[in-house]
Structure formats: structure tokens, C-alpha cells
Amino acid sequence: MPRFRYPALKDKLVEFAEVNNIPGGYRDSGEFEILKMNWELYKKVAEADAVPGAPPTKGRAGQQAAIITTESPATGYSI
């Protein structure tokens, strides 16, 4: 949706939040506030302990081999 339509949508979102009992209701955040929230979340996730049994984040079996056996710039990174 084009950004110039956002102001017209606000009233509908406020109503939607009220009708559906959204915790905190409608919230309006600025660009830098959102960037700060994202940065804090990334930091929290990066510092969190690993979850035993979680799938690897470096790809599945077979995907890694495709990187290692090609001319990909990713071959310089250890897996």
C-alpha cells in the first residue's frame, strides 16, 4: 500500500484494535523508535543461550555442500 494512504487507514486500525481487544490498542511508532526496538531485539536474540535440539542456522544437509563445492564467495567462511 502506498504510504500516502497510511493516514486514511489509521481510523480503521484504531477501531480494529478496539473491537478485537488488542493489548495496548493501536500503537503509532516513529521510524527511529522502530529501528531501536529492532536493534534491541537482535541484541537480545544474539546474546540468548542456544536452544538444545534447535535446527542449525547455517543451512540443512546438502545446502552446505552446494556452497563448499562452488565458486561462491561463501566458500571462504567456515561451516
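Reader: What makes the surface patch of about 510 Å² a nonpolar one?

Author: In this predicted model, the patch is made by Trp39, Leu41, Tyr42 and Val45. Trp, Leu, Tyr and Val are among the side chains that count as nonpolar, and such side chains are joined into a patch within 5 Å. The four residues therefore form a nonpolar patch under that definition.

Reader: How do you know whether Tyr42 is buried or exposed?

Author: Tyr42, which is found in helix α2, has a relative accessible area of 54%. The term exposed applies over 50%, so Tyr42 is exposed. A patch residue must have over 30% relative accessible area, and the 54% of Tyr42 therefore satisfies that condition too.

Reader: What supports the length of helix α2 as that of a helix?

Author: Helix α2 covers residues 31-47, which is 17 residues. The expected span is 1.5 Å times one less than the number of residues, and for α2 this gives 24 Å. The end C-alpha atoms of α2 are 25 Å apart, in agreement with that expectation.

Reader: Why is α2 called hardly covered?

Author: A residue is buried under 20% relative accessible area. Among the 17 residues of α2, the count of buried residues is 0. Helix α2 is therefore described as hardly covered.

Reader: Why is the contact of Glu40 and Lys36 called a salt bridge?

Author: The closest N and O atoms of Glu40 and Lys36 are 2.6 Å apart. The cut-off is 4 Å between a side-chain nitrogen of Lys or Arg and a carboxyl oxygen of Asp or Glu, so the pair qualifies as a salt bridge. Glu40 and Lys36 are 4 residues apart in helix α2, which means a separation of about one helical turn. In general, an α-helix has 3.6 residues a turn, so residues three or four places apart point the same way. At 41% relative accessibility Glu40 counts as partly exposed, whereas Lys36, at 52%, counts as exposed.

Reader: How many salt bridges does the structure hold, and what makes the pair of Glu47 and Lys43 one of them?

Author: The structure holds 2 salt bridges. For Glu47 and Lys43, the N to O distance is 2.9 Å; the limit is 4 Å, so this pair also meets the criterion. Glu47 and Lys43 are likewise 4 residues apart in helix α2, about one helical turn. Glu47 is exposed at 56% relative accessibility, and Lys43 is partly exposed at 46%.

Reader: Why is α1 said to lie largely in the open?

Author: Of the 14 residues of α1, the number buried is 1, so the helix lies largely in the open. The span of α1 also fits a helix: 20 Å is expected at 1.5 Å a residue, and the end C-alpha atoms are 20 Å apart.

Reader: What places Lys10 in contact with residues outside its own stretch of sequence?

Author: Lys10 is found in helix α1. With its neighbours within four places in sequence left aside, Lys10 is in contact with Tyr26 and Asp28; contact requires heavy atoms within 4.5 Å. The C-alpha atoms of Lys10 and Asp28 are separated by 9.1 Å, although the two residues are 18 residues apart along the chain. At 36% relative accessibility, Lys10 falls between the limits of 20% and 50% and therefore counts as partly exposed.

Reader: What is notable about the phi of Asn21?

Author: The phi of Asn21 is near 50°, a positive value in a residue other than glycine. Most residues other than glycine have a negative phi. Asn21 lies in the loop between α1 (6-19) and α2. With a relative accessible area of 63%, over the 50% limit, Asn21 is exposed.

Reader: Which elements does the protein contain, and where is confidence lowest and highest?

Author: The secondary structure comes to 3 helices and 0 strands, and from the N terminus the order is α-α-α. Mean confidence is lowest in helix α3 (residues 63-68), at 58, and highest in α2, at 94. The protein averages a pLDDT of 82, and 70% of the residues score at least 70. Buried residues make up 3% of the 79 residues. The accessible surface comes to about 7600 Å², with 60% belonging to carbon and sulfur atoms.

Technical notes. Residues numbered from 1 in each chain as written. Predicted model: local features only at pLDDT ≥ 70, side-chain atom pairs only at ≥ 80, totals over all residues. Heavy atoms only, no water. Helix = DSSP H or I, 4+ residues; strand = E, 2+ residues; numbered from the N terminus. Buried < 20%, exposed > 50% of the residue type's maximum accessible area, 1.4 Å probe, protein only. Patch = residues over 30% accessible without salt bridge, like charges linked within 9 Å, V, L, I, M, F, W, Y side chains within 5 Å. Areas by Shrake-Rupley, 256 points an atom, 1.4 Å probe, with all protein chains shown as cover. pLDDT = per-residue confidence, 0-100.
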